[in-house]
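Hi,

Here is the structure I said I'd pass on. Have a look at it first, and my notes follow underneath.

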Amino acid sequence: MYLSIEVIIRTGVAFILLLVISRILGKQTISNMTFQDFVSGITLGGITANLAFNTSINRWLLILALIVFFAIAYLTSFISLKNRTWSKWVSGTPTVIIENGKILEGNMRKIRYTMDSLIQNMREKNIFNMEEVEYAVMEDHGKLSVKKKNEYEAVTRKDLQLHVAKLKSFPVELIIDGKVLEDNLVQNNLTREWLESEVCKHNKTIPDVFYAVKGTQNNLFFDYYHDGIRNPIDS
C-alpha cells in the first residue's frame, strides 16, 4: 500500500516537473526538434520516468539529476542564441539536397539520407515529378524544404493582378461550446449585448450557438448545435 502511494506521488511530481521544464525550455523542444532538443527530450523523459516508478533509486537524487540536466539544456540553448558557431555545432546546419534541379548525392551520403526518403518527402509535398524541383534543403530539424522551378509555381492573386483584401484583424473567438468568451469580448472592445444582437439576426440565441468567431475581415461566422444535416458523414 505504501509503495503504491509513493509511486502515485512520484508520478505526480515527475509530471509537474517535466511540464514546468518544458514550458521554460520553450516550444522549440516540442515542435521542430534539433539534435540538442532531441537529446534533451530523450534524457529528460528517461529521468522523469525513473522518478515516477523506479523506487529503488532515491527520489531526491533523481530530482537533482533532473534539475542539473535542465540547467545544462537551458544554458546550452542560451549560449546557442548568443554564439552562432556554437549553435551550428549543437543544432546542426541545413544540408542542400537538390541544387539547380540536380540531386547532390554526396550531401545525401553525408547525412545518410536515402533516395526513398527523398521521394517520400516529395510526395508529401504533392510533388510527384522530380523535374519540378529547383532546390531542396534538409533543415536541421529533419524536415525537407522545397522550392519549385518558376514554371511549376502556383499562380498567386498578385500574378493575376487581382485585388487582395487586407487583413483587418486577427480572428477573435466569441463562443465555444455554447459559452461566451467574456475576456475576448473585453479585449476587443466588444459587448455581450452586441453579440446577442448579432446572434438574434439569425433568429438564434446564445445557447443555440456551438461556435462563433469574428474573422480577419470582421465577418462573423456561426456554427449551431442543430446543423440541419439529416445524414452526416461518419468516417
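Glutamate 198 is buried, with a relative accessible area of 15%, since the cut-off for that label is under 20%. This is a predicted model, by the way, so read everything below in that light. The partner of glutamate 198 is lysine 201: the two form a salt bridge, and their closest N and O atoms are 3.2 Å apart. Lysine 201 itself counts as exposed, at 58% relative accessibility, so this bridge joins a buried acid to an exposed base.

Glu198 belongs to helix H8 (residues 192–200), whose buried residues are Leu195, Glu198 and Val199. These cover an arc of only 100 degrees around the axis, so they sit on the same side of H8. And what covers them? Strand S5 (172–176), strand S6 (179–180), helix H7 (182–187), strand S7 (209–214) and strand S8 (220–224) are all included in the cover. H8 lies across S5, S6, S7 and S8, and runs at about 65 degrees to S8.

Those four strands make an open sheet with antiparallel pairing, in the order S6-S5-S7-S8. S6 and S8 are its edge strands, each pairing on one side only. Between S5 and S6 the antiparallel pairing rests on two bridges, and isoleucine 175 stands opposite valine 180 in S6. In the loop between S5 and S6 you'll find aspartate 177. Its phi is near 55 degrees, a positive value in a residue other than glycine. Most residues other than glycine have a negative phi, so that kind of value is worth a look. Aspartate 177 is partly exposed, with a relative accessible area of 40%.

Back to the charged side chains. By the rule used here there are five salt bridges. Arginine 192 and glutamate 182 meet in one of them, at 2.6 Å from N to O. Arginine 192 lies in helix H8 and glutamate 182 in helix H7, so the pair ties together parts that are ten residues apart in sequence. Both ends are partly exposed: arginine 192 has a relative accessible area of 31%, and glutamate 182 comes out at 37% relative accessibility. The two also belong to a network of salt bridges that links Glu182, Arg192 and Glu196.

Another salt bridge takes us to a different set of strands: the side chains of glutamate 132 and lysine 148 meet at 4.0 Å, N to O. Glutamate 132 lies in the loop between helix H6 (115–124) and S3, while lysine 148 is in strand S4, so this pair ties together parts 16 residues apart in sequence. Which end is buried and which is partly exposed? Glutamate 132 counts as buried, at 13% relative accessibility, whereas lysine 148 is partly exposed, with a relative accessible area of 23%.

As for the strands around that bridge, S3 (residues 133–138) pairs with strand S1 (residues 95–99) in the antiparallel sense, over four bridges. Glutamate 99 stands opposite tyrosine 135 in S3. S3 also pairs with S4 (residues 144–148), again in the antiparallel sense, over five bridges. There, valine 137 stands opposite serine 145 in S4. The hairpin of S3 and S4 has five residues between the strands, and glycine 142 takes a positive phi near 95 degrees in it.

One more backbone detail to check: arginine 112 has a positive phi of about 55 degrees although it is not a glycine. Arginine 112 is found in the loop between helix H5 (105–110) and H6, and counts as exposed at 73% relative accessibility.

Finally, the whole-chain numbers. The secondary structure comes to eight helices and eight strands. Of the 235 residues, 25% count as buried. The accessible surface is about 17,100 Å², and 58% of it belongs to carbon and sulfur atoms. Among contacts between residues at least 6 apart in sequence, 51% join residues at least 24 apart.

If you open just one spot, I'd start with H8 and its buried residues Leu195, Glu198 and Val199.

Cheers

Terms used:
Residues are numbered from 1 along each chain as its sequence is written. This is a predicted model: local features need pLDDT of at least 70, side-chain atom pairs count only at pLDDT 80 or more; totals for chains, interfaces and linings use all residues. Side-chain values use heavy atoms; hydrogens and water are left out. Buried means under 20% relative accessible area, exposed over 50%, partly exposed in between (1.4 Å probe, protein chains only). The arc is that of the directions from the helix axis to the C-beta atoms. Contact means heavy atoms within 4.5 Å. Accessible areas come from the Shrake-Rupley method with a 1.4 Å probe; for residues, only the protein chains shown count as cover. Two strands pair if DSSP finds at least two bridges between them. Axes are lines fitted to C-alpha atoms, for helices over the stretch in contact, and angles run from 0 to 180 degrees between N-to-C directions.
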